[in-house]
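Here are a few short exercises on strand pairing. Have the structure open beside you, and try each task before reading its solution.

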Amino acid sequence: MLHTVVLSWQEALSSESAPFKIVSLSAGSLSKAVLCHSKDERPRNGGKREKNEMYLALLVIFLQCSGLYTQEGVFTFNTVEIKVQPSVKVKNGAPMSIVCRADISKSTDFQLKHNFTIFKDGKVVFMTVTDKEDAKYGIPVARSSDTGEYKCTVEARGKTKSSNSLHVWVKGMTKPILTAEKEEVLEGEVVKLRCELPEEVPPLYFFFRKIKTNSTPKEKSVFEPHRNFSEMEFSVEEADNILQFDCFGRRFVQREFEESEHSNTTLVTVREPFIKPTLNAKPSSNITEGDRIQFECSTVVARMRDIEILLQKNKTILKSVQDEVLKYSTVATLEDSGEYLCKVEQGRASKMTKLNVVVSELFPKPTLAASMSNLDENKELTLSCSISGFRKANFSILRKNSNGDILLKNSRNLTMRVNVNDTGSYTCKAEVKGIVKESKPVRINVYAPVSKPTLSVVSGLPEVVLGKPLWLICRSAMGTPPIIFTFYKGNEVKKRVTNDTYAMFLDENIRQNDKRGYKCDARNNHSSGMKTSNILNITVIVPIRDASLGSIPYGEVEDGSETAFLCSVKEGSWPIHFRLFRKTDREVLLFEQIENADRVMWHKKAMKKQDTGTYFCMASNRANVDVKSHPITISVILATWKKGVIAAFALILIVGAVTLALYWFLRKKKKAKGPSLEMSGSALATNLTSEKLTRQPNDGDYYSGSGYIEDNENHVKSADESKDSVENRHSRIQGHPDAT
């Protein structure tokens with residue numbers, strides 16, 4: 001089974017598509033297997049990655065299986081080191097070797113198979129199996145692409161040890177190769193270049209240079225992140241004859257740029273598509289205005305395709321043709337003096353020729369004179385046109401207008417009576433030999449007199465709040481602008497303004513007792529002079545200050561009594577709007593009045609319990625500022641006479657209650673004493689009767705029967721009188737204040 005696997009590896013790795021080669025392989029003993037990178041057969045970008053991974057997996061299986069056939073023994077890895085020969089900095093193109101060495105300790109001297117793997121930037125670049133304790137990865141020709149971080153790993157019998165990483169720098173870059181698409185080009189065309197850095201790995205910077213004799217080379221650069229070549233175009237300009245091009249490369253290594261040597265120099269020959277144009281003026285480049293001048297521009301073209309000739313002056317193209325010859329003629333004027341340019345264009349190529357033309361003056365510009373520049377309406381105006389030292393010309397006088405000049409008269413002179421609508425600019429023209437020249441414009445201003453101005457306050461009413469600014473406006477309904485307005489405060493000039501129909505004045509220095517009035521005047525250039533407005537007197541409104549509220553009586557008020565409230569202010573212009581409020585759970589307006597006074601009094605006729613609360617007043621005037629007083633508290637209490645009535649009623653109730661209680665007490669006591677008196681009276685009568693009946697009659701002591709009856713009656717009467725006496729006594733004690 002193992003033999004079959006080994007043969008499969010040998011067949012697979014010997015194929016041309018395999019990325020590695022088996023240097024030696026023994027199927028019977030499995031003594032030694034070496035896997036190495038071939039310089040000619042390195043993995044390339046875009047190769048068959050899946051096959052490479054399969055080969056690598058099979059090789060790992062093979063190497064693992066080979067460990068089963070080593071002799072028994074105990075070992076350990078001490079260190080694994082990686083070195084570069086000759087040094088970590090290698091010159092581009094020189095040979096170099098990556099050496100991996102394992103330091104191993106063994107229990108006995110036995111043969112041990114080592115699996116060496118060398119990595120560059122985390123990717124496998126070399127593998128070998130050997131019983132030696134070191135392995136070498138040789139690179140015959142080092143390139144900048146070999147720069148990177150190298151590391152090696154050694155595996156034996158399932159044990160693995162790795163070295164530290166080592167940075168190798170292959171200094172220098174390969175010489176770039178420059179090629180040009182064409183060796184011969186025309187002016188206006190472009191040169192296409194290709195610069196390649198063989199065997200260099202992107203990202204790379206490419207620099208192209210265009211070299212001309214006796215001039216600084218022009219340089220362009222391109223960054224290529226994914227390829228080792230770049231392309232560039234240079235335009236061929238006028239006067240380019242023989243051009244030289246070269247290029248060089250640059251890369252970023254170890255936080256610094258490394259630059260290649262310059263490439264081969266490529267020569268490109270430039271041919272002219274057409275010759276430099278010639279420009280002539282006939283009859284001459286120095287002529288007099290009024291004469292006809294003809295321009296002729298020509299060139300010789302190698303091919304007529306897309307050729308164009310242009311004639312221009314001061315960036316204005318006068319004529320253009322698609323031919324080898326251009327002709328242009330015109331009647332010369334002074335404005336035609338200057339530099340003319342003939343330009344030939346074909347594709348990107350262009351050439352030009354310049355010619356300076358001088359046109360002499362035939363006659364100077366005319367001059368327009370006015371009898372007056374500022375005049376009143378209905379006055380007479382005379383305009384005269386003339387040429388200094390020259391009289392034979394055709395004159396015309398015109399008025400300037402935005403929609404076109406208006407011809408007034410074909411003459412040297414013009415006289416007219418003007419009105420306001422004649423205000424404007426006037427010119428005259430003179431013509432000689434077809435040359436027309438125009439004078440400078442003359443401004444004529446016709447004035448209507450100003451009307452009497454009106455002065456008013458911008459806000460409307462002739463009043464101002466103390467401390468606020470006052471804006472005044474002065475208007476003049478009629479009058480030709482500009483009008484000069486002058487503002488006065490009293491007799492003092494405050495401001496002058498020039499405007500069309502109105503002007504404004506701001507007075508910020510308003511005082512309370514300032515009695516000076518305002519006025520303004522208006523004038524323009526009319527001969528009638530200035531007009532003055534009426535005097536405007538301004539009312540200064542003093543804002544309300546320090547409102548206060550008082551009452552009589554103050555604090556506690558008897559129910560039903562009258563209360564007077566007095567609301568006053570310390571300062572403020574009349575009339576003043578007073579308002580009185582009571583505040584409980586909400587504010588209730590009780591009274592309001594406008595007074596020409598600084599105080600107002602309001603009488604509340606009969607105060608009630610529900611009038612208890614907090615009172616305040618507010619005052620305002622035309623300054624439109626509400627000033628609120630401090631609040632006062634009014635408590636409505638019970639009236640004095642009501643208190644007396646209640647007290648008297650309470651006393652009556654108390655006396656009645658006491659009397660009723662005393663009466664009840666005496667009544668009860670009387671009922672208790674009545675029976676005892678009757679009993680004592682009856683006993684006494686019985687005793688007396690018995691005594692008379694038992695007494696023996698004798699001389700002198702004998703009473704007749706009539707006497708007995710009388711005595712008995714007297715006795716009964718005495719008893720009754722005694723009873724009545726007792727009842728009258730009880731009656732006198734109950735009515736006494738001290739009867740208890």
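**Exercise 1.** In what order do the three strands of the open sheet with β38 lie, and is their pairing parallel or antiparallel?

*Solution.* Keep in mind that you are working with a predicted model.
- Step 1: Reading across the sheet gives β38-β40-β43, and the pairing is antiparallel.
- Step 2: Look for strands that pair on one side only; these are β38, residues 454–457, and β43, residues 502–507, so they are the edge strands by the pairing rule of at least two bridges.
- Step 3: For the twist, ignore direction: neighbouring strands in this sheet are turned by 25° against each other on average.

**Exercise 2.** How many bridges join β40 to β43, and which residue of β43 is the bridge partner of Ile473?

*Solution.*
- Step 1: Find β40 at residues 470–475; six bridges join this strand to β43, and the two run antiparallel.
- Step 2: Now pick out Ile473: its bridge partner in β43 is Met504.

**Exercise 3.** Which strands are the edges of the open sheet β47-β49-β52?

*Solution.*
- Step 1: This open sheet has three strands with antiparallel pairing.
- Step 2: β47 (545–552) and β52 (599–604) each pair on one side only, and they are the edge strands.
- Step 3: From one strand to the next, the twist averages 15°.

**Exercise 4.** Over how many bridges do β47 and β49 pair, and what is the partner of Ser548?

*Solution.*
- Step 1: β49 covers residues 563–571 and pairs with β47 over seven bridges, in the antiparallel sense.
- Step 2: Within β49, Ser568 is the bridge partner of Ser548.

How values were computed. Residues numbered from 1 in each chain as written. Predicted model: local features only at pLDDT ≥ 70, side-chain atom pairs only at ≥ 80, totals over all residues. Heavy atoms only, no water. Helix = DSSP H or I, 4+ residues; strand = E, 2+ residues; numbered from the N terminus. Axes fitted to C-alpha atoms, helices over the stretch in contact; angles between N-to-C directions.
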